[in-house]
Amino acid sequence: MEERIRKAIGEALIQAGAPTVPFSVERPGDIAHGDYATNAALAAAKALGKKPHEIADELARSLIDALGKDIASHVAVAGPGFVNITLAREAVSLAVAEADAKGTEWGKGTDENGKRVIVEYSNPNAFKEMHIGHLVGTVVGEAISRLIQNSGAMLARDTFGGDIGPNVAKALWGLRKNGVNEPTTANELGTAYTEGSNAYETSPEAKGEIDALNQAVYAGTDKELMELWRKGREVSMEEFRRIWKLLGTHFDFEFFDSDTTETGLRVVHDGLAKGIFQKSDGAIIYNGEGKGVHTMVFITSHDTPTYEAKDIGLAFLKEERWPSDKSIVITGNEQTGRFKTVLAALADVAPLLAEKTAHLATGFLKLASGKMSSREGNVITAADFIREVILLANDKNTDPLIAEQVAIGAIKYMILRQAPGSDIIFDAEKSLSLEGDSGPYLQYALVRAKSVLTQAEEKGGAPAAGAPETPYLIERIILHFPEVAAHAEREFAPNLLVTYLTELAGEWNSFYAKERIIGGDYEAHKRMLARAFVQTMTNGLAILGVPTPEKM
RNA sequence: GCCCCGAUGGUGAAACGGAUAUCACAUCAGUCUUCGGAACUGACGGUCCAGGUUCGAUUCCUGGUCGGGGCACCA
């Protein structure tokens, strides 16, 4: 529908003599203005040297002719020169029927058809527990992945685990000190890491031992050590996989630091020979001066690669394993500066790889109250956090599966409702009080609509036909779903979809309170409307990765 | 010191350069509980400051204030 209007405006502008003016076609802020609005007349005014209103009047006339009464019942000029289009009843009914008929295909786009896209997110630190910061990256990464898939791309998910380096050495040191040869729980690893980390700061002797362990892992010749390392990593990853599953995420590729060191070292050494990197105090650095990025060490003076060199290696590894048209990396926003340096260096060594790589940053998750902190430490693990929220959801849902769905929905909604990149304040009690503007609010609206439909079908009979001349507001919201999904994908902004679905759920609740469906006027039409709402909400929540419980 | 990001009602957020700045929570006042009240309706209240660009600025530019993050051998 939007495309059709856009085309009609484009042709009208060509006739008016302003073929290249960019213009918008969007939902008006106030639905009372119409179903679509365009600023084309305002945009063209300067180019044509005419008053906006003159152009708007002409545009309105040609739009009426081009679209016809079956599509646009009303075209009006308003404000400084907007042209508002109100859809005809038949056009609205047609769009709603389409939502109902298309099923899971409703809302699918074609913007990324035929493209291969790889998305990296969640990046776990093996030997450390998953904390709530990873939760944000995982939830946002999954939603963005699904948005891209919804636009038609072939998509692969990958995650880049830290399994080598000083942090890992600290955990190994702790394990050895505690005499643990067969670690079995993530908690055990977390404790060992904390101990190693503390010892590293306070004891010069321990520091030396840990540094030596780090070198030994890179060398990989100490069989006993490598066995402990392998087991620890696996235990750690099992825990990550458990939480990923809980959050509805599965990775096609799990890459590790240790997979990328070789390539990273080689590429940086080659780059050194070409003058892309420089030697400095025994280390190999990338000089970012004059390029607006920080200067950073890529290879240390001990000839071990830093995270930066590993990221370079990873870019090559990804291309080798799953060649793509676009590569997206999602990390916390504290890494933005570091990533700029990596991309600048990559642009010098492999311009094509750098060109198609984009970095997206997510914000921090902060808790509204400190109550959730289950331990004395200030780090809250993702597992503890999810458990606490499920417990809260349990108050109203005895079924453990539903409590979990509600809790995951609440967490995801809180994270996805705001623009990625900004910090997130999570108030668990507020999001589970479930009054408007929450995941469960959307889930609840869907559950109620499904319930009505079930009862309507059981009742059977011949529902009253016909439809009111003026469409219900809910109909006019439903028809915008495909445009919203496409827009959210272009901007990598799941929050746009969240806002839309919240509005949709609110309008459905409003409709439900005002209008009698079973046994009411226009029952057949209202049933279709209910089905269209269910389909739209179901598909929308699926893109966000928010579970849809059958009952609540 | 340098670089990046942010600042919107009491609180948390939204708004391709567009119309009377949207939504929720809280507060206050109602609906009514005969398709599921985790609901619905209404009231209250806001763009950090000073300039600039523009027909039009929460949005873009300059300066300032406050807050967060980053800045070579950590990830």
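This report walks through the sheets, helix packing and RNA surroundings of a predicted model.

## The five-stranded sheet

Let's start with the parallel sheet. It's open, has five strands, and runs in the order 7-6-5-11-12 with parallel pairing. The edge positions go to strand 7 (253–256) and strand 12 (357–362); each has a single partner strand, so one side of each has no neighbour in the sheet. On average, neighbouring strands here are turned by 25° against each other, ignoring direction.

Zooming in on one edge, strand 7 pairs with strand 6 (residues 154–161) in the parallel sense, over four bridges. Thr159 has Glu254 of strand 7 as its bridge partner.

## Helices on that sheet

Two helices to look at here are helix 5 and helix 11. Helix 5 (residues 132–150) lies across strand 5 (116–120), strand 6, strand 11 (326–332) and strand 12, and it runs at about 155° to strand 11.

Helix 11 (residues 307–321) also packs on the sheet, touching strand 5, strand 6, strand 7, strand 11 and strand 12. Its direction makes about 150° with that of strand 7.

## The three-stranded sheet

The antiparallel sheet is open too, with three strands in the order 8-9-10. Strand 8 (278–280) and strand 10 (296–299) take the edges; each has a single partner strand, so one side of each is left without a neighbour in the sheet. The twist from one strand to the next averages 50°.

Strand 9 (residues 283–286) and strand 10 pair over three bridges in the antiparallel sense. Across from Tyr286, in strand 10, you'll find Met296.

## Helix against helix

A quick reminder of the vocabulary: a packed helix pair is described by the angle and the distance between the two axes.

Helix 1 (residues 2–16) packs against helix 3 (residues 52–67) at an angle of about 130°, with the axes 9 Å apart. That angle is neither over 145 degrees nor within 65 to 115, and so helix 1 and helix 3 count as oblique to each other. Their crossing is right-handed. On the helix 1 side the contact is made by Ala8, Ile9, Glu11, Ala12, Gln15 and Ala16, and on the helix 3 side by Ile55, Glu58, Leu59, Ser62, Leu63, Ala66 and Leu67. Sorted by class, the contact residues come out as nine nonpolar, two polar and two charged.

## Two further helix pairs

Helix 7 (residues 186–202) and helix 8 (residues 204–219) have axes that come within 6 Å and cross at roughly 120°, which makes this pair oblique as well. The crossing of helix 7 and helix 8 is left-handed. Gly196, Ala199 and Tyr200 of helix 7 meet Ala206, Lys207 and Ile210 of helix 8, giving four nonpolar, one polar and one charged residues in the contact.

For helix 6 (residues 166–177) and helix 9 (residues 223–246), the axes come within 11 Å and cross at roughly 105°, so helix 6 is roughly perpendicular to helix 9. Ala171, Leu172 and Leu175 of helix 6 make the contact with Leu228, Trp229 and Gly232 of helix 9. The contact has five nonpolar residues, one polar residue and no charged ones.

## Around the RNA

There are 73 residues around RNA strand B, and those that come nearest are Ser24, Asp281, Thr300, Gly436 and Asp437. By class, the surface near RNA strand B has 28 nonpolar, 31 polar and 14 charged residues.

Notes: Residues numbered from 1 in each chain as written. Chains lettered and ligands numbered in written order. Predicted model: local features only at pLDDT ≥ 70, side-chain atom pairs only at ≥ 80, totals over all residues. Axes fitted to C-alpha atoms, helices over the stretch in contact; angles between N-to-C directions. Parallel < 35°, antiparallel > 145°, perpendicular 65-115°, else oblique. Left-handed = near helix turned anticlockwise from the far one by under 90°. Contact = placed C-beta atoms within 7 Å. Nonpolar A, V, L, I, M, F, W, Y, C, P; charged D, E, K, R; others polar. Near = placed C-beta within 6 Å. Pairing = 2+ DSSP bridges.
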